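Could you walk me through this one while I have it open in the viewer? I'd like to know what to select next and what I'll find there.

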Amino acid sequence: AEQLKRRITIRLPIAGNKEPLFVRFGDETFTIRRGTDVSIPYYVWLHLQECQQADDALTLRMNDLSGAFASGVELYRL
């Protein structure tokens, strides 16, 4: 439990989005500024990693579905 509460320093990339990232974990809320070093608990970092993996998986699935749809449309064009 203590390992999960230890603090780590991260820096979120700006990459076109300058708004801070709001994270809610249980009853706690965190505002993480982009482009600056921010200290957060390790369990929040793990949550961010899980969210990023879910976003990546969703993006891959959507790309697969879009490609399959585009291929299907091509079959019915005259």
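Strands and helices here are DSSP runs, with at least two residues for a strand and at least four for a helix, numbered from the N terminus. Keep in mind that this is a predicted model.

**Stop 1: the loop after β1**

Select Glu-19 to begin. This residue lies in the loop between β1 and β2. Glu-19 counts as exposed because its relative accessibility is 56%, and exposed means over 50%. Now add Gly-67 and draw a distance between the C-alpha atoms: the two are 48 residues apart in sequence and 32 Å apart in space.

Stay in the loop between β1 and β2 and pick Ala-15, which lies there too. Its phi is near 40 degrees, a positive value in a residue other than glycine. With a relative accessibility of 75%, Ala-15 counts as exposed.

**Stop 2: strand β1 and its partner**

Next, show the side chains along β1. Which of them point to one face and are buried? Those are Ile-8 and Ile-10, while Arg-7, Thr-9 and Arg-11 point to the other face and are not buried. In a regular strand, side chains alternate between the two faces of the sheet.

Bring in β4 now. It runs antiparallel to β1, and 5 bridges join the two. For a single example, click Ile-10 and look across to Val-38, its bridge partner in β4.

**Stop 3: a salt bridge between the strands**

How many salt bridges does the structure hold? There is 1. To see it, select Asp-37 and Arg-11, whose side chains meet at 3.0 Å, N to O. Asp-37 is in strand β4 (residues 37–41) and Arg-11 in strand β1 (residues 7–11), so the salt bridge ties together parts that are 26 residues apart in sequence. Switch on a surface and compare the two ends: Asp-37 is partly exposed, with a relative accessible area of 49%, whereas Arg-11 counts as exposed at 53% relative accessibility.

**Stop 4: the β2–β3 hairpin**

Move along to strand β2 (residues 21–25) and strand β3 (residues 28–32), which pair in the antiparallel sense over 5 bridges. Click Arg-24, and you'll find Thr-29 of β3 standing opposite. The hairpin has 2 residues between its strands, and there Gly-26 takes a positive phi near 65 degrees.

Then select Arg-33, in the loop between β3 and β4. Arg-33 counts as exposed, at 51% relative accessibility. Measure from here to Val-23 if you like: the residues are 10 apart along the chain, and their C-alpha atoms are separated by 11 Å.

**Stop 5: the aromatic pairs**

Time for the rings. The structure holds 2 aromatic pairs. Select Phe-25 and Tyr-43: their ring centres are 5.1 Å apart and their planes sit at 45 degrees, so this pair is tilted. Phe-25 belongs to strand β2 and Tyr-43 to helix α2, and the pair links these distant parts of the chain, 18 residues apart. Is each ring buried or partly exposed? Phe-25 counts as partly exposed at 33% relative accessibility, while Tyr-43 counts as buried at 16%.

Tyr-42 and Trp-45 form an aromatic pair that is stacked, at 5.6 Å centre to centre and with 20 degrees between the planes. Both lie in helix α2, 3 residues apart, which is about one turn of the helix. Trp-45 is partly exposed, having a relative accessible area of 27%. Before you leave, add Arg-6 to the view: it lies over the face of Tyr-42, at 4.3 Å from the ring centre.

**Stop 6: along helix α2**

Finish on helix α2, which covers residues 42–76. Select Leu-58, Met-62 and Leu-65 and turn the surface on: they make a nonpolar surface patch of about 280 Å². Leu-65 counts as partly exposed, at 41% relative accessibility.

Conventions: Residues numbered from 1 in each chain as written. Predicted model: local features only at pLDDT ≥ 70, side-chain atom pairs only at ≥ 80, totals over all residues. Heavy atoms only, no water. Patch = residues over 30% accessible without salt bridge, like charges linked within 9 Å, V, L, I, M, F, W, Y side chains within 5 Å. Areas by Shrake-Rupley, 256 points an atom, 1.4 Å probe, with all protein chains shown as cover. Salt bridge = Lys/Arg side-chain N within 4 Å of Asp/Glu carboxyl O. Buried < 20%, exposed > 50% of the residue type's maximum accessible area, 1.4 Å probe, protein only. Pairing = 2+ DSSP bridges. Phe/Tyr/Trp six-rings, centres within 6.5 Å; stacked < 30°, edge-to-face > 60°. Lys NZ or Arg CZ within 6 Å of the ring centre and 35° of its normal.
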